[in-house]
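Please read the following note alongside the sequence and the model. The points are numbered for ease of reference.

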Amino acid sequence: MTSDLDAPLLTLAWTDHLTGRRGYLVVDRLVRGVASGGLRMRPGCTPDEVAGLARGMTMKEALHYDPGARYVPLGGAKGGIDCDPRAPEAYGVLVRYLRAMRPYIETVWTTGEDLGLTQDMVDRAAAEAGLVSSVQAVYPLLEDETAARKRLADAFTVEVDGIGLDALVGGCGVAEAVLTALDRARVPYTGTRVAVQGLGTMGGATARFLARAGLPVVAVADVEGTIANPDGLDVERLLAARDTHGTVDRRALGPGDRALPGDAWLAAEAEVLVPAAVSYAVDTANQARIRARWIVEAANMPVLPAAEALLAARGVTVLPDVVVNSSTNAWWWWTLFGDIGADADEAFAYTRRSMRALVDLVLDRSDAEGTSPRTAAHAVVAERLPVIAERFGWYR
């Protein structure tokens, strides 16, 4: 990466006066005065974690730069709260955090759901904190704010088979990354087994799209353990039995489904492994259990760098998070800026086309230069950031 990315622009720490819970905001970079990145809530969230996520957002924005599109990439930022989202006090902590961060959300930081939070919860808490919207900082950049806000609001009302479009586009992008890798390797979808860690927004949608493409999902994991079936799980049954945190009611398990320990997903007999839950899930010790040929990072920072090096030595390809899960963020801006409308078919088609082009770009470069896909993605970012800066400027 370039020296311009050595340090974030702004780092804030916050302490809740009622519970002592800690929260953080890191603005890695501003482009046109604005940065984009979600807000997560999990026990043990650290400032270093949030800084890494903010840097990742800068990269995701740059990777989706298209000089011919209406959506112009923003800078990168991230928020994090060290609190269990299931705790009774969690919602109050969220409201007070947003109230404290209100000056930044109103002017420079556009945010939304991330690990531990749903968009509905963020929206309710933002309204209670006195905010117009969690993305209001971008409004001054819109050509027609009224039309843009209506378009995004309409998009959030669209449902596909009972699941909101906003909860599906990210998984659509992850699935397309998987399918692109398989196509490049000339591996048929049928019989290519998948294991998914996490059945929340991202993991659940990814499992659905891959199952519908013909790939058997043989294992999924949630906070209560792993559910496995070597013949393939009934993904729709499991999705229907989830709670708001992505935990599956075990009474919904079908014939042949087995309840296994929480980390059993790592060693699943599968060609594709999709970590779609927590950061730092794959380390130098447990990577030895992985049998998959591909790890596709639907979560942010799930594979530690040292573990990735060991996996690469064993011939395991890691498709990096900054590429794989980037369509979640991009969909907001494609819709708000008007590249697509409030329509599921249009959103899925645009997402698939954009993600396939991006994955091909990164893997072509990886192959040509003999580097990892992550190194190739970083190289693309390093080339694009100065181009964006020359066109729009940035603020350090």
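**Note on selected helices and one strand residue**

1. Helices H12 and H13 are roughly perpendicular to each other, a term that covers angles of 65 to 115 degrees. The angle between them is about 110°, and their axes lie 8 Å apart. Here axes are lines fitted to C-alpha atoms over the stretch in contact. H12 spans residues 344–369 and H13 residues 373–392; helices are DSSP runs of H or I with at least four residues.

2. This is a predicted model, in which local features need pLDDT of at least 70, side-chain atom pairs count only at pLDDT 80 or more, and totals for chains, interfaces and linings use all residues. Residues are numbered from 1 along each chain as its sequence is written, and side-chain values use heavy atoms, without hydrogens and water.

3. Helix H7 (residues 201–212) has twelve residues and reaches 17 Å from its first C-alpha to its last, close to the expected 16 Å. The expected span is 1.5 Å times one less than the number of residues. Nine of the twelve residues of H7 are buried, so this helix is largely enclosed by the rest of the structure; buried means under 20% relative accessible area, with a 1.4 Å probe and protein chains only. Among the buried residues are Met202, Arg208 and Phe209. Just after H7, Gly214 takes a positive phi of about 105°.

4. Is Ile227 of strand S12 (residues 225–228) buried or exposed? Ile227 is buried, with a relative accessible area of 1%. Ile227 touches residues including Val218, Leu233 and Asp257, where contact means heavy atoms within 4.5 Å.

Notes
Axes are lines fitted to C-alpha atoms, for helices over the stretch in contact, and angles run from 0 to 180 degrees between N-to-C directions. Helices (H or I, at least four residues) and strands (E, at least two) are DSSP runs, numbered from the N terminus. Angles under 35 degrees count as roughly parallel, over 145 as roughly antiparallel, 65 to 115 as roughly perpendicular and the rest as oblique. Buried means under 20% relative accessible area, exposed over 50%, partly exposed in between (1.4 Å probe, protein chains only). Lists of a residue's contacts leave out its neighbours within four places in sequence.
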